[in-house]
Amino acid sequence: MRFHQLTYLARESVHTLGRHKGVMSLSIVIMSLSLLVLAVFLMATDNVTALLDKTIKDFRVYVYLEEGVSPATIEEYHQTLFAMNEVEAIEFVSKAEALHEFRKELGEEQNILETLEANPLPASFRVTLKSGFSDRDRIETFAARVARMSAVEEVNYGKDFIERFSFLARIFLYVDAVLGGIVILSSVFIIANTVRLTILSRRRSIEILKLVGATNFFITTPFIMEGAFQGGLASVLSLGLLAGIYVACRNILPDVQFLGTDRILLYMATCVGLGAVGSYAALRRFLKL
């Protein structure tokens, strides 16, 4: 099909939208409410994923040293650990610093430490791992390798927490993928049935086009363009509704974040695609393509 023919079909789609404002407005409202579910799902997924990422970034491996380790050995271990591929950052915590931090954590109850005759806390390294080494197996391998160093008394990385966290993260990803598929398929189904109503209202025009010899492509292209246009408008309306939900949620969950610019663009493009796919699905049943 030539460019001028596509231009004509695009103009015809715009004119059709203007001639059927009532039906189109109703379709856009229904589509926006359907797509709102997708937008809420996307925002919830982003916030949960951000929370998981933050938990991983705040994770530390604690390498406790034996009593009486010399400053030269500490410096040697610092360089050795920092040179490992898994390590993003490393911080040495002396016995005095460890006790000072422990006092701060105790707050008003820190007076119980006054009875101590000596500082019982060991010197340690706080190791931050790179994002690619945050899974359970790699952390265990790293901890086992560090634990074999001669002056290391213990390596603590919260094994039970890592196991539970890894399990919950996998469950979230599986459930999120299934729910995402269900939401998208539901949106396509609702949009297809919504578009089908507009097609039924214009059945006579379609029958006339078929009688004069119009091809299925010539008939379906304006509807698919209209569906894509309606999907775009519905995405804008649903984002406005999502913004209202976001403002309401901020009063209860102050850390909740709205969709980023890249997510918004992806969402709008998805809605345009869903509108086009929904239109094609409805036309396929109607025209028996």
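Glu86 is a good place to start in this predicted model: with a relative accessible area of 10%, Glu86 falls under the 20% limit and therefore counts as buried. This residue has a charged partner, since Arg145 forms a salt bridge with Glu86, and the closest N and O atoms are 2.4 Å apart. The pair links distant parts of the chain, with Arg145 in helix α5 and Glu86 in the loop between α3 and β2, 59 residues apart. Arg145 itself is partly exposed, at a relative accessible area of 32%.

That bridge is one of four salt bridges that the structure holds. Side chains of opposite charge can pair when their charged atoms come close. Let's look at another example: Glu67 pairs with Lys95, with 3.4 Å between the closest N and O atoms. Because Glu67 lies in the loop between β1 and α3 while Lys95 lies in helix α4 (residues 95-106), this pair ties together parts that are 28 residues apart in sequence. Glu67 counts as exposed, at 61% relative accessibility, whereas Lys95 counts as partly exposed, at 24%.

Moving to the strands, you will find Glu91 and Arg126 meeting in a salt bridge, at 4.0 Å from N to O. Glu91 belongs to strand β2 and Arg126 to strand β3, so the two side chains tie together parts that are 35 residues apart in sequence. Glu91 is partly exposed, with a relative accessible area of 42%.

Now step back to the fold as a whole. The protein has nine helices and four strands, and along the sequence they follow the pattern α-α-β-α-β-α-β-α-β-α-α-α-α. Among contacts with a separation of 6 or more, 81% are between residues 24 or more positions apart. Of the 289 residues, 34% count as buried.

Two helices show nicely how burial is arranged. Helix α3 (residues 71-82) has twelve residues and reaches 16 Å from its first C-alpha to its last, close to the 16 Å expected at 1.5 Å a residue. Within α3, the residues Ile74, Tyr77 and Leu81 are buried. They cover an arc of only 65 degrees around the axis, which means that they sit on the same side of α3. What covers these buried residues includes the strands β1 (61-65), β2 (87-93), β3 (124-129) and β4 (152-156), along with helix α5 (136-147).

Helix α5 can be read in a similar way. Its twelve residues should span 16 Å at 1.5 Å a residue, and the end C-alpha atoms are indeed 16 Å apart. Ile139, Phe142, Ala143 and Val146 are buried in α5. Viewed down the axis of α5, its buried residues fall within an arc of 100 degrees, so they line one face of the helix.

Finally, turn to the outside. The accessible surface of the protein comes to about 17,500 Å², and 62% of it belongs to carbon and sulfur atoms. Part of the surface is a nonpolar patch formed by Phe167, Leu168, Ile171, Leu173, Tyr174, Val175, Val178, Leu179 and Ile182, which together have about 880 Å² of accessible area. Which helix holds Leu173, a member of this patch? Leu173 is found in helix α6 (residues 159-201). At 54% relative accessibility, Leu173 is over the 50% limit and so counts as exposed.

Notes: Residues are numbered from 1 along each chain as its sequence is written. This is a predicted model: local features need pLDDT of at least 70, side-chain atom pairs count only at pLDDT 80 or more; totals for chains, interfaces and linings use all residues. Side-chain values use heavy atoms; hydrogens and water are left out. Patches are made of residues with over 30% relative accessible area and no salt bridge: like charges are joined within 9 Å, nonpolar side chains (Val, Leu, Ile, Met, Phe, Trp, Tyr) within 5 Å. Accessible areas come from the Shrake-Rupley method with a 1.4 Å probe; for residues, only the protein chains shown count as cover. A salt bridge is a side-chain nitrogen of Lys or Arg within 4 Å of a carboxyl oxygen of Asp or Glu. Buried means under 20% relative accessible area, exposed over 50%, partly exposed in between (1.4 Å probe, protein chains only). The expected span of a helix is 1.5 Å times one less than its number of residues. The arc is that of the directions from the helix axis to the C-beta atoms. Contact means heavy atoms within 4.5 Å.
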